[in-house]
Amino acid sequence: MEEFITLSMQLHLLFVILLVVLIIINLYLLKSDSVFIKLSRKLELIAPQYYIVLSAIFFTGIIVMAVKKFAFSLSVWMMILVWLFILVKGIKKHKIYKKMEKRDENSQVDYKKLAIKKYTIDAILIIVTIIFTYGVH
Ligand code: HEM
């Protein structure tokens, strides 16, 4: 049982790290000066991975919670809230992307700004959650 808890916790943490890596890749692409159509193709390619990793974080989180008999600590509430925030903001960003005028330069600049802001906030929230989780223990 002890091994199972350690494994699910390590997996949970691994997916959190993977999410941070995906954020860094997204930010790197958004800040590189490539043509928007090429950039959007690359971003569209990574977007599904972001949500797959987010689901994996939730799934492994639920396993860890179940193993710990659903004891809700403050850090777990924080993780769930951060996770929901990232998901909801991600859906909103995707809707904006779908509706935007892809060939209009102003819309391209606005979308890039919005995406950079979103991923920066995601990264800050994740780092704060990690610090809080280890700080509380
Ligand atoms: C982006 C969001 C999340 C981040 C950054 C995050 C981060 C972490 C970290 C750093 C740990 C400590 C791992 C260790 O000690 O090795 C942890 C543990 C845990 N996570 Fe998350 N997590 C997130 C989302 C979730 C979600 C959505 C759930 C539940 C559905 C969840 C449930 C748990 C549980 C139950 C633990 C064990 C807590 C304890 O030991 O008291 N996490 N998480």
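This is a short tour of the structure above, stop by stop, with something to select at each one.

**Stop 1: the whole chain**

Before you click on anything, keep in mind that this is a predicted model. Show the chain as a cartoon and look for its four helices; there are zero strands to find. Follow the chain from start to end and you'll read the pattern α-α-α-α. Turn it around a bit, too: along its principal axes, the C-alpha trace spans about 55 × 25 × 20 Å.

Try giving each helix its own colour. Select 2-31 for α1, 36-67 for α2, 74-99 for α3 and 105-136 for α4. Those colours will come in handy at the next stops.

**Stop 2: the ligand and its neighbours**

Now select the ligand and show the residues around it. How many residues are there around the ligand? There are 19, and the ones that come nearest are H12, M65, K68, M79 and Y134. With your helix colours on, you can check where the shell comes from: α1, α2, α3 and α4 each give at least two residues to it. Which helix supplies the largest share of the shell? That's α2, with six residues. If you colour the shell by residue class instead, you'll get 14 nonpolar residues, four polar ones and one charged one.

**Stop 3: three polar side chains**

Stay with the ligand and show H12, K68 and Y134 as sticks. Start with H12: an N or O atom in its side chain is 2.9 Å from a nitrogen atom of the ligand. Next, click on K68, where a polar side-chain atom sits 2.9 Å from an oxygen atom of the ligand. Finish with Y134, which has a polar side-chain atom 3.2 Å from a ligand oxygen.

**Stop 4: the largest pocket**

Hide the ligand for a moment and look at the space it leaves. That space is the largest pocket, and its volume is about 810 Å³. Select the lining and you'll have 29 residues, with H12, S75, V76, M79 and T133 nearest the centre of the pocket. You met H12 and M79 at the ligand stop, where they were among the residues that come nearest. The lining draws at least two residues from each of α1, α2, α3 and α4. By class, the lining has 21 nonpolar, seven polar and one charged residue.

**Stop 5: the second largest pocket**

Move on to the second largest pocket, which holds about 200 Å³ of space. To find it, select L43, A47, K93, H94 and Y111, the closest to its centre among the 13 residues that line it. Which helices each supply at least two residues of this lining? They are α2, α3 and α4. The lining splits into six nonpolar, four polar and three charged residues.

**Stop 6: a salt bridge**

For the last stop, select K118 and D122. They form a salt bridge, with their closest N and O atoms 2.6 Å apart. Why are the two separated by about one helical turn? Because they're four residues apart in helix α4. Don't go hunting for another, since the count comes to one salt bridge.

Key:
Residues are numbered from 1 along each chain as its sequence is written. This is a predicted model: local features need pLDDT of at least 70, side-chain atom pairs count only at pLDDT 80 or more; totals for chains, interfaces and linings use all residues. Side-chain values use heavy atoms; hydrogens and water are left out. A residue is near a molecule or strand if one of its heavy atoms lies within 4 Å of it. A polar contact is a pair of N or O atoms within 3.5 Å; within protein, one must be able to donate a hydrogen and the other to accept it, and residues adjacent in sequence count only if both atoms are side-chain atoms. On a 1 Å grid over the protein atoms alone, a cavity is a set of points where a 1.4 Å probe fits but cannot get out, and a pocket is an open set with protein on both sides within 12 Å along at least five of seven lines; lining residues have an atom within 4 Å of a point. A molecule sits in a cavity or pocket if more than half of its atoms lie within 2 Å of its grid points. Ala, Val, Leu, Ile, Met, Phe, Trp, Tyr, Cys and Pro count as nonpolar, Asp, Glu, Lys and Arg as charged, and the others, Gly among them, as polar. Grid points are joined across faces, edges and corners, and a volume is the space filled by probe spheres set on the points. A salt bridge is a side-chain nitrogen of Lys or Arg within 4 Å of a carboxyl oxygen of Asp or Glu.
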